[in-house]
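Here is a brief report for a reader meeting this structure for the first time. Look at the whole chain, then follow the text from one part to the next.

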Amino acid sequence: MRAKLPKSAGLNLKHSAKPRRTWIRQSHRCAFALLLSLLLASSAFFVPSSVLWILASINAGLIAHGLLLKKKITMLLRLAAVQFITTMGLYYLFYGESQLLDGAVVVLRVLLAMLPGWWLSSTQSPERLGEVLSWLLPHKWAFVIAASLSLLPFMSQELKEIYQIQCMRGARITPKALRNPSNWPEFIYCVLLPLLIQLLKLSKQMALSAKLRHFGRGDHVTHWPSTRDDK
């Protein structure tokens, strides 16, 4: 006689298959987002200036999507403002007023190249990006790239804290003080070097953590599931 399975067994099989289908769809969405970001970032430097407005419209949609997810874009806007002031100042210094429009186009292209990366890191978890990258790249390279992307929020927060502490100590790194180029070395010494030391320390800790988990020793590489996909 054939043994009958309880009805609950079939339900368990269905429930176990559903998370896997969801996991595959999430991986495919992440792969599409990665390809879209690479395409938009590279197009910012190669398309003619007459069609930059199309890229600007697409990136505006990416910004709206990121802001709807409550992602912060303040740091990127500050970086774009610094780049705009620096680039336009250099163009005015070397070429005069006649080439300022060309300088503005250069700033726009660089900003359009950075926006897709911000959107990708804001909408996709580093764990999922590392998994998708491992489809084409060696697993160690994929791990390094994913780990670097995961450091972006830490870098912005650490940079903000170091900057505030150094300003409290009286360092001449305020926006008004940085108008004088003679204060730029102080900004490098007081802010950028401590940030670099913190990143080196964190990268060493991440490498040690991966080593203790025997990363790269097994033939079959697995990926830790991302808990942020379920939120």
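## Overall build

Among contacts in the chain between residues at least 6 apart in sequence, 71% join residues at least 24 apart. The model is a predicted one. Its chain holds 7 helices and 0 strands. Read from the N terminus, the order of elements is α-α-α-α-α-α-α. The chain has 231 residues, and 27% of them count as buried. About 16,900 Å² of surface is exposed. Carbon and sulfur atoms supply 67% of that area.

## Helix α6

Helix α6 covers residues 139-168. Does its length fit its residue count, or not? The helix has 30 residues, which at 1.5 Å a residue should span 44 Å. The C-alpha atoms at its ends are 44 Å apart, so the two values agree.

The helix also bends. At Leu 152 the bend is about 35 degrees. A proline, Pro 153, follows within four residues of that point.

Which residues of α6 are buried? They are Ala 142, Ala 146, Ala 147, Leu 151, Glu 158, Ile 162 and Gln 166. An α-helix has 3.6 residues a turn, so residues three or four places apart point the same way. The buried residues of α6 pack against two helices, α5 (126-133) and α7.

Just after α6 comes Gly 170. Its phi is positive, at about 95 degrees.

## Two salt bridges

The count of salt bridges is 2. Here is the pair of them.

| Salt bridge | Closest N to O distance |
|---|---|
| Arg 128 with Glu 131 | 2.7 Å |
| Arg 172 with Glu 186 | 3.0 Å |

Take Arg 128 and Glu 131 to begin with. Both sit in helix α5, 3 residues apart, so about one helical turn separates them. Are these partners buried or exposed? Arg 128 has a relative accessibility of 4%, so Arg 128 counts as buried. Glu 131 is buried as well, because its relative accessible area is 5%.

Now turn to the other bridge, where the side chains of Glu 186 and Arg 172 meet. Glu 186 lies in helix α7, while Arg 172 lies in the loop between α6 and α7, so the pair ties together parts 14 residues apart in sequence. Arg 172 has a relative accessible area of 52%, so Arg 172 is exposed.

## The loop before α7

Asn 183 also belongs to the loop between α6 and α7. Is Asn 183 buried or exposed? Its relative accessible area is 8%, so Asn 183 is buried. What does Asn 183 touch, leaving out residues up to four places away in sequence? Its contacts are Arg 172, Ala 177 and Leu 178. Arg 172 thus appears twice in this account: Arg 172 touches Asn 183, and Arg 172 forms a salt bridge with Glu 186.

## Helix α7 and its nonpolar patch

Helix α7 runs over residues 184-212. A nonpolar patch of about 600 Å² lies on the surface. Which residues make the patch? They are Ile 188, Tyr 189, Leu 192, Leu 193, Leu 196 and Leu 200.

Leu 193 is one of the patch residues, and Leu 193 lies in α7. Its relative accessibility is 40%, so Leu 193 counts as partly exposed. Partly exposed here means between 20% and 50%.

Technical notes. Residues are numbered from 1 along each chain as its sequence is written. This is a predicted model: local features need pLDDT of at least 70, side-chain atom pairs count only at pLDDT 80 or more; totals for chains, interfaces and linings use all residues. Side-chain values use heavy atoms; hydrogens and water are left out. Patches are made of residues with over 30% relative accessible area and no salt bridge: like charges are joined within 9 Å, nonpolar side chains (Val, Leu, Ile, Met, Phe, Trp, Tyr) within 5 Å. Accessible areas come from the Shrake-Rupley method with a 1.4 Å probe; for residues, only the protein chains shown count as cover. A salt bridge is a side-chain nitrogen of Lys or Arg within 4 Å of a carboxyl oxygen of Asp or Glu. Buried means under 20% relative accessible area, exposed over 50%, partly exposed in between (1.4 Å probe, protein chains only). Contact means heavy atoms within 4.5 Å. The expected span of a helix is 1.5 Å times one less than its number of residues. The bend at a residue is the angle between axes fitted to the seven residues ending there and the seven starting there.
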